[in-house]
Each structure stands twice: as C-alpha cells, then as structure tokens.
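Please read the points below with the sequence and the model open beside them. They are meant for someone who has not seen this structure before.

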Amino acid sequence: MIDTQMMGQAFALLLDWQLLWLIPAGLLYGVIVGAIPGMTASLGIALVMPFTFHMTAIEALVFLSSIFTGGVYGGSITAIILNMPGSPASAATGFDGFAMARNGQQNEAQGYAIGASALGSLFAAVLVLVLLKPIATFALMFGPVEMLMVGVFALTIVASFKGETLGKGILAGGLGLLLGTVGVSWGGVYRATFGNMWLIDGLPVVPVILGILAMPGLFALAGESFVVNDALLRRPNFRKQLHGMIDSARYKMLLLRSTLIGVVVGALPAAGSSVASLVSWHSAKQSEKNNTIGDGDSRGVIASESANNASEMGSTAVMLALGIPGGGATAIMLGAFLIHGLTPGPRLLAENLDLGYAVFLAQFLQVALLPIAGLLVIAFSTWILKVPNQVLVPIVLAITCWGVFATRETFFDIGLLIGFGLLAYVMQRYGYPPIALLLGIILSDMLEPELIRAVATFDAVNLPNVILTRPIPLVLVLLTIISLYYSFRRRAQVKANDPETA
Amino acid sequence: MTTSGNRTELVMRLAVPTAIMLASLWYLGSLWDVRMRAQNLILVRPVVVAMLPFYLWIIVWEIRRHSALPAAQEAGTSAAVNVRDQVAFMCVSVVAVLLFYLFGAVPATAVLLVVSMWILRFRKPVVLILAPVLTSLLLWLIFVQVFGIRMPLFLTPW
C-alpha cells in the first residue's frame, strides 16, 4: 500500500535544515496557544499563516502541522489543572484529568496526557501512512444516512454522564440539541437570534464550551482556598510526570482502540476532534475493566488525548486525499496548500504523493519532540497550582475573557461565556450534567443538516429501511444498542451499590 | 435545614426542569409557522416531543424524592465551600462583561482583578496592585502585540 519510491523522495524532502527549528518552534507555539483557554489550534495556525508565505511548500506544511499537533495536545494542560480545556478537543480530558489534579495527581495526569498524545499521534501516523488511500475511500462511503447514525451513536454518550437521574441527562442533552439549532436555518429562517447578528451563524463553540465546562468550576473554586489543598501535592514533580508519560504506554489496547476511533471519526467531515475524544472516552468507560473513568482514572485521560491527536491525522489524511477539510485547522492548511500552488485531492496523491508522505513522516519527528515541548510548558503551568484561588480565579477569568474575545473580536462572546457559565452552574447544582448540554450543542451541528439531507435523498418513510439495509448504518445501529445496553447495565450496578447516586 | 428551606429547594428543583421545558416549547412554537416548516422542525419537533415524558418523569421523581428524604438530608450546598464567595464572584463575572464593554479590555482587566481579589478577601496590598497591572500588561503583550488581535484597549466609544 506504500509507494516506496515516493517514500524515498519524501525522506529527501525532509532533509531541509530549516525544519530543524520549524518543527520545535511550531510545536512549542502550538502547545502555548492550545493551552490558552479560548485560543484553538485553528486560530493559532491562522495567526501565523502570513509567515509561511515565503517558505517552501514542505516547510510551510510541516510548520503548520506541528502547530496543529502542539495545539491539540496543549488544550489538555489547562483542562487538567483548571478543568478549563484550552481547545474543544480537550473537553473530555478534563473529566478525569481535573479529578486527578484535585486528588493531587496533576503531575501524573499531565504525564499521561503527553504520553497518550505522542503515542496516539504516532500510531495514527503509521496507520495513515499505510492506509492513506483506503481511509480516503472509506470516508467517501459516509453519506448523510451514515453521518446521521454517527451522530445518533454519539448521542448515547449522554447515558454515561453522571447526573441525579438519566432523565436529567436526557433533558439537558435535548436542550443542547435545541440550542445547537439556533441561527439561520437552511430555509433562511432566523431561529431564536433575537435580531443579534452574532447569532446568525449559530452559537459559537469556544465561549459555549468554556462557559459550560470551565465557568462552573471557576465559580466553585472561588469558594475554596487552593485547587489542590495539600501543599505537598501542589509541587511540580518531573519524576511523576515522566512516570505518567512512560506508564501510558502500558495501556496498548486502549491506545490502539482510541487511535482507531480518533482516525475514523477525524476522517469524517463535520465530526471533528471533540466528538472523537468524547466517543473514545465513552468507549473506554464502557469497555475497560475495573475502571473509575469519570472520577479521576488515568485511562480516561489516555482515551481522550490519544483520540484527539489521532483525529488530527484522520482529518489531515482526508484533506490530502480528497481536498475536504474536516475542521477549522485543516481548512486553513488547505489554504496553505493552495497558496503554494498545490491542490489537495486525488490529483495531489497522483502527482505529489511524496509531499503527502512527507507531511506524515514529519509527524514522527513531532512525536519525538512533543514531550519536550509539553514538559517545558507544564514545568511552568503546574506552578499555577501554588497560587491561592483568590488571585488565580480572577486572573483565569480575565485570560478567558481575552481568549474568548479574540476568536471573533466581539464582546457578545464574553456575555455568552458568562451566561452559559451561570446556566451550567445552576444545572450542575440541581443534578443536570452540563456536559450533556454541551454534547447536544456539538452534535446538533452535525445531526440536523445530515437529517435534512437524508430525508431529502431517501424520504422520511423509507429512511428506517435504508438505515437497516446499508452495512455501515446497520453496524452503527448495533453499536448504539450495545452502547445503551452497557450504559444502562452500568447505571443499574451503580444504583444497586448506592441508590442515591444512580 | 428548615421546612421553608426544604420548600425553597423543592421549588427550585421543579423550576429548573420547568424552565427548560417551557423554553423548549416556546422555541418549537416560534418555528411553527415559518416557511420551510418541515426542514426547520426536522430535529426540533422530535427532540421537544421526546423531552416531554422525561420532564414529567423528573417532576414526579423530584416530588417523591423530596417526600422520601428527611429534612436534614435535603440536598444543600456543602458546608466546606464558601457560598458567599462563590455568589460574589458570579456577580463580579456578570459585571466583568459590562466592564469590558464600557471601558475596553485593559482597564476592565485591571479593575476586574482588583475588585474580584478584594471580594474574595485577598488583602496583600503589593499583590493587589502588582497582579492586575502585570496581568493586564502581559495579556496586552500576548494578544495585541504577539497575536495581532484587535482589542478595544481603552475607553470604547459607545
């Protein structure tokens, strides 16, 4: 499946001394940008795009992909320390990472995140190098019905979230699905925009995610002295970080499964790395033995981080092979290709396959350097825990406001951040899992257009028949049933052990 | 917890799902007569319909839970957490939005930090002055100078 001659040429392309500094610089910049709440990898790539104009095509592409790799990982740093994901892709990392930090295991959690990110990227790069063309062909097999079923399958994650009852999770998820439809619809109808131009494109992801995930935590921290109460456990500990990093390699099956989920979901247009990490986290919660995922289990961090980094590979593969960007970052990278006179798609693979291979080969260098860049930033960031919450919480709020403003340069987003923060706080206070609300908003963006396309193509009456007679939707239906079965069984077990928490 | 505290807790527990359900029904109603109704309701209608039975289930569950729990066990806020500080900080966050809008990013950041640190009972004068100044400067350097993002820096012409 690998064209060896082209692979040789790809190696030759990478023998460019400029790459020696471009890769570490891109990674470090990506990790820093990714770690700032509100600043995503796509925004980081967009900001440095003008600097790549004078570079050669390979230099520009490898530099931008290094930022992408660093940015996707960087989001986990603040997700672990403050439950404030630097980017949407790290939302699931905070579930277990922050719980570990609260238990004084922030050093181990950071180590697990670096290890899983590097190994996830590595496995995914190997997978994509070998299966570049089949992955692209597989992605083309996903029409509206298949994508609709991916969304329905992902919705079953709601059953995994902790809430007082399953009904509260469903109500929160339903509200999220409705909020996700706000904005101008396909028919040109303004849905609940209240005449506000900033809502025309729907609810912006960054302030909504930070509002729902980070703000309730920030409000709660305001009433406490420190994020980690034990002074001894607050110290940065390089040995523990290293231990976590190395120990993550012990979970080979989990890493492989999460990588596969990441590559497949990342390859699907419109699914994205946040869906990939959530699906992977959910899958780990259901399949890992004796797990406490959701309550501070390192396997939750590994599942989420390996999947979101792998999804980056999947979306890059599809962008290269088909010219279809899977998300914001790949859309900007597509622009970089065009600026350098290259058009991603089947012709690129036929005429410039060496360049495609080179982008993925560079990933091996990035994987080798990512732990260094990560540990450098972590060495600084873990000192944050030594700052008392009376100072830390206001500073984090200010940084978040700046980061949220930077995305669209509007004050309205700061209002959304605080508004969703208060909503999530109230929901959490009365037993509704705010993450279900977020999942609904994320999935709504995918579900509604696919549902409209599916009904337009097959008619509503025939749709169930189509779903049950096509192989991919049928597999997804079975996976949905299995997922629901395991979720209900798990809830029943928890209820049997402790009726109050079911 | 007193009986009136219990009652307030129950009212809040019933008010939250009711507010969610009412908002959802209002949203469905607002799209009922629009053009291309089928497309606009394709997801909204089934979701709202599916939410209804769960809403009723939650209402029944909350009432049964309330009557089953002894007064002392009614869910309240943990005593270990300082609720006054939480609520005060929430108010400051809301005010922060107005500050950013009225005064621009740099002054708003400085004011926000001083006020919130003070409200959270931080009293070291050196830190109270240095932290806001340094943070505002650092944010200005990173966002405006390094990333080139256009931030309304000082007084916004409103």
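1. A good place to begin is B:Arg121, which lies in the loop between helix 5 and helix 6 of chain B, where helices (H or I, at least four residues) are DSSP runs numbered from the N terminus. Its phi is near 70 degrees, a positive value in a residue other than glycine. B:Arg121 counts as exposed, with 11 C-beta neighbours inside 10 Å; a residue is exposed if 12 or fewer other C-beta atoms, placed from the backbone, lie within 10 Å of its own, buried if 20 or more do, and partly exposed in between.

2. This is a predicted model, in which local features need pLDDT of at least 70 and side-chain atom pairs count only at pLDDT 80 or more, while totals for chains, interfaces and linings use all residues. Residues are numbered from 1 along each chain as its sequence is written, and chains are lettered from A and ligands numbered from 1 in the order in which they are written.

3. B:Met36 sits in the loop between helix 1 and helix 2 of chain B, and although it is not a glycine, its phi is positive, about 55 degrees. B:Met36 is partly exposed, with 14 other C-beta atoms within 10 Å.

4. Chain B is divided into domain 1 (3-73) and domain 2 (83-146), with bounds that come from an automatic or database domain assignment. The centres of these two domains of chain B, taken over C-alpha atoms, are separated by 37 Å.

5. How many residues does each chain bring to the contact? Chain B gives 57 residues and chain A gives 49 residues, two residues being in contact if their C-beta atoms, placed from the backbone, lie within 7 Å. On the side of chain B that touches chain A, the largest share, eleven residues, comes from helix 4 of chain B. By class, that side of chain B has 41 nonpolar, eleven polar and five charged residues, where Ala, Val, Leu, Ile, Met, Phe, Trp, Tyr, Cys and Pro count as nonpolar, Asp, Glu, Lys and Arg as charged, and the others, Gly among them, as polar.

6. Turning to chain A, helix 18 (residues 389-408) of chain A has 20 residues and should span 28 Å at 1.5 Å a residue, which agrees with the 29 Å between its end C-alpha atoms; the expected span is 1.5 Å times one less than the number of residues. Helix 18 of chain A is mostly covered, with 18 of its 20 residues buried, and is followed by A:Glu409, whose phi is positive, near 55 degrees.

Notes:
Helix = DSSP H or I, 4+ residues; strand = E, 2+ residues; numbered from the N terminus.
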